[in-house]
Amino acid sequence: MVVVSWKVHPQGLSPVAHGKAWYLRLKQNWSWKSIQGVVRNLKGQKPSLKALRNAVRRTKDSGTTRLPKYQY
């Protein structure tokens, strides 16, 4: 059995939050400020705009096959 583990900074976004930010930005065309109001980091706070942009870019570059299969 394969176990996938992630090391994430407490102010970083979880894999689910990465997927949610990617979906809201690219599929729903939300603004960065609107996404910031919905998505939370691991501490439960609003993520920075830089963290959101990096998450969306990384998810876009790596492809959607790594995203969890949840409905947002």
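A residue is taken as buried under 20% relative accessible area, as exposed over 50%, and as partly exposed in between. With that scale in hand, the predicted model shown above can be described from its overall make-up down to single side chains. Arginine 57, for instance, has a relative accessible area of 42% and is therefore partly exposed.

The chain as a whole is a good place to begin. It holds three helices and zero strands, and its elements follow the order α-α-α from the N terminus on. Of its 72 residues, 28% are buried. The accessible surface amounts to about 5400 Å², and carbon and sulfur atoms account for 51% of that area. As for how the chain meets itself, contacts between residues at least 6 apart in sequence were considered, and 54% of these join residues at least 24 apart.

Helix 3, which spans 49–62, offers several details worth a look. Here arginine 57 returns, as the partner of aspartate 61 in a salt bridge whose closest N and O atoms are 4.0 Å apart. Both residues belong to helix 3 and sit four residues apart, about one turn of the helix. The two partners fall into separate accessibility classes: aspartate 61 reaches 57% relative accessibility and so counts as exposed, whereas arginine 57, at 42%, is partly exposed. The count of salt bridges under the rule applied comes to one.

Alanine 51 is another residue of helix 3. Its relative accessibility is 21%, and because the buried class ends under 20%, alanine 51 counts as partly exposed. Ten residues separate alanine 51 from asparagine 41 along the chain, and the C-alpha atoms of the pair are 9.3 Å apart.

Charge on the surface completes the picture. Lys33, Arg40, Lys46 and Arg53 come together there in a patch of positive charge. One of these residues, arginine 40, is located in the loop that runs between helix 2 (32–38) and helix 3 (49–62). Patch members must have over 30% relative accessible area and no salt bridge. Arginine 40 has a relative accessible area of 37%, so it is partly exposed.

Taken together, the predicted model presents a chain of three helices, with a salt bridge between aspartate 61 and arginine 57 and a positive surface patch that includes Arg40.

Note on methods. Residues numbered from 1 in each chain as written. Predicted model: local features only at pLDDT ≥ 70, side-chain atom pairs only at ≥ 80, totals over all residues. Heavy atoms only, no water. Patch = residues over 30% accessible without salt bridge, like charges linked within 9 Å, V, L, I, M, F, W, Y side chains within 5 Å. Areas by Shrake-Rupley, 256 points an atom, 1.4 Å probe, with all protein chains shown as cover. Salt bridge = Lys/Arg side-chain N within 4 Å of Asp/Glu carboxyl O. Lys, Arg positive; Asp, Glu negative; His and termini not counted. Charge placed at Lys NZ, Arg CZ, Asp CG, Glu CD. Helix = DSSP H or I, 4+ residues; strand = E, 2+ residues; numbered from the N terminus. Buried < 20%, exposed > 50% of the residue type's maximum accessible area, 1.4 Å probe, protein only. Contact = heavy atoms within 4.5 Å.
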